[in-house]
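Please take a moment to look over the sequence and the model before reading on. The paragraphs below move from single residues to the helices that pack around them.

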Amino acid sequence: MKVITSLIGENKRLGGKFRTRTRSLPSLINEVGIVPTLSFCYGKAGEKIYGQVKNHFYKIEKIEEGNEEEVGYALYLFIALNYLKELGLIDQTERVIEALDQLFGKCEIASKLLRPYLLQVKRLAEALFEPEREST
């Protein structure tokens with residue numbers, strides 16, 4: 001979580017967007033499955049923003065550019081894929097479509113192993129980042 005807080009920095013709007021993702025996406029994984037949920041994140045983030053987030057993650061640089069909504073989805077997607085890579089269920093995080101293809105046939109075990117990690121990320125995000133504010 002230290003890397004995530006470094007990436008978000010003082011950007012309260014991005015922190016709120018990321019916090020929202022951590023709260024809503026675990027239940028989506030339970031409802032529709034891991035591959036559809038991560039595909040949804042990729043669709044919301046887009047290839048360009050995902051690539052930027054991935055590069056910032058490896059350099060541990062604060063993310064300053066990009067739409068906070070898209071960046072929130074990209075950051076959530078990247079940490080999920082990165083954890084699945086650490087578990088040995090996928091072999092890379094650079095090409096999202098190929099990483100998701102590698103999950104087919106492993107969806108049940110991937111979901112079971114990812115769930116506790118994502119719940120811990122959710123708890124930490126709730127403690128570290130303020131909720132999104134409603135636009136008026």
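**From single residues to helix packing**

In this model, which is predicted, the side chain of Thr 37 reaches the backbone oxygen of Leu 28, at a distance of 3.3 Å. Thr 37 is found in helix α3, and with a relative accessible area of 0% Thr 37 counts as buried, because that word is used here for values under 20%. If the neighbours within four places in sequence are left aside, the residues in contact with Thr 37 are Leu 25, Leu 28, Ile 29 and Val 32, so that Leu 28 appears both in this list and as the partner whose backbone oxygen the side chain of Thr 37 reaches.

A second threonine can be read in a similar way. Thr 22 lies in helix α2, which covers residues 12–32, and Thr 22 is buried, with a relative accessible area of 0%. A polar atom of the side chain of Thr 22 lies 2.7 Å from the backbone oxygen of Arg 19. Which residues is Thr 22 in contact with, leaving aside its neighbours within four places in sequence? They are Tyr 76, Val 121, Lys 122 and Ala 125; of these, Tyr 76 belongs to α5 and Val 121 to α7, and both also take part in the meeting of those two helices.

Returning to helix α3, we come to Leu 38, whose place is in that helix and which is buried, with a relative accessible area of 0%. Apart from neighbours within four places in sequence, Leu 38 is in contact with Leu 77, Ala 80, Leu 81, Leu 84, Leu 100 and Leu 103. Leu 38 and Ala 110 are 72 residues apart in sequence, while their C-alpha atoms are 12 Å apart in space.

Leu 38 leads on to the packing of two helices, since Leu 38 is one of the α3 residues that make the contact with α5. How do the axes of helix α3 (residues 34–45) and helix α5 (residues 68–86) cross? They come within 8 Å of each other and cross at roughly 140°, and the two helices are therefore oblique to each other. The crossing in which α3 passes α5 is left-handed. On the α3 side the contact is made by Ile 34, Leu 38, Phe 40, Cys 41, Tyr 42, Lys 44 and Ala 45, and on the α5 side by Glu 70, Tyr 73, Ala 74, Tyr 76, Leu 77, Ala 80, Leu 81 and Leu 84. Sorted by class, this contact of α3 with α5 holds 13 nonpolar residues, no polar residues and two charged residues.

Helix α5 also packs against helix α7 (residues 107–128), at an angle of about 130° and with the axes 10 Å apart, which makes α5 oblique to α7. The crossing of α5 and α7 is right-handed. Here Tyr 76, Ile 79, Ala 80, Tyr 83 and Leu 84 of α5 meet Ala 110, Leu 113, Leu 114, Tyr 117, Leu 118 and Val 121 of α7, and by class the contact has 11 nonpolar residues, with no polar and no charged ones.

The last stop is a loop residue. Gly 88 lies in the loop between α5 and α6 (96–103). Is Gly 88 buried or exposed? Gly 88 is exposed, because its relative accessible area is 56% and the word applies to values over 50%. Between Gly 88 and Leu 114 there are 12 Å in space, C-alpha to C-alpha, and the two residues are 26 residues apart in sequence.

Conventions: Residues numbered from 1 in each chain as written. Predicted model: local features only at pLDDT ≥ 70, side-chain atom pairs only at ≥ 80, totals over all residues. Heavy atoms only, no water. Axes fitted to C-alpha atoms, helices over the stretch in contact; angles between N-to-C directions. Helix = DSSP H or I, 4+ residues; strand = E, 2+ residues; numbered from the N terminus. Parallel < 35°, antiparallel > 145°, perpendicular 65-115°, else oblique. Left-handed = near helix turned anticlockwise from the far one by under 90°. Contact = heavy atoms within 4.5 Å. Nonpolar A, V, L, I, M, F, W, Y, C, P; charged D, E, K, R; others polar. Buried < 20%, exposed > 50% of the residue type's maximum accessible area, 1.4 Å probe, protein only. Polar contact = N/O pair within 3.5 Å; in protein donor to acceptor, adjacent residues only side chain to side chain.
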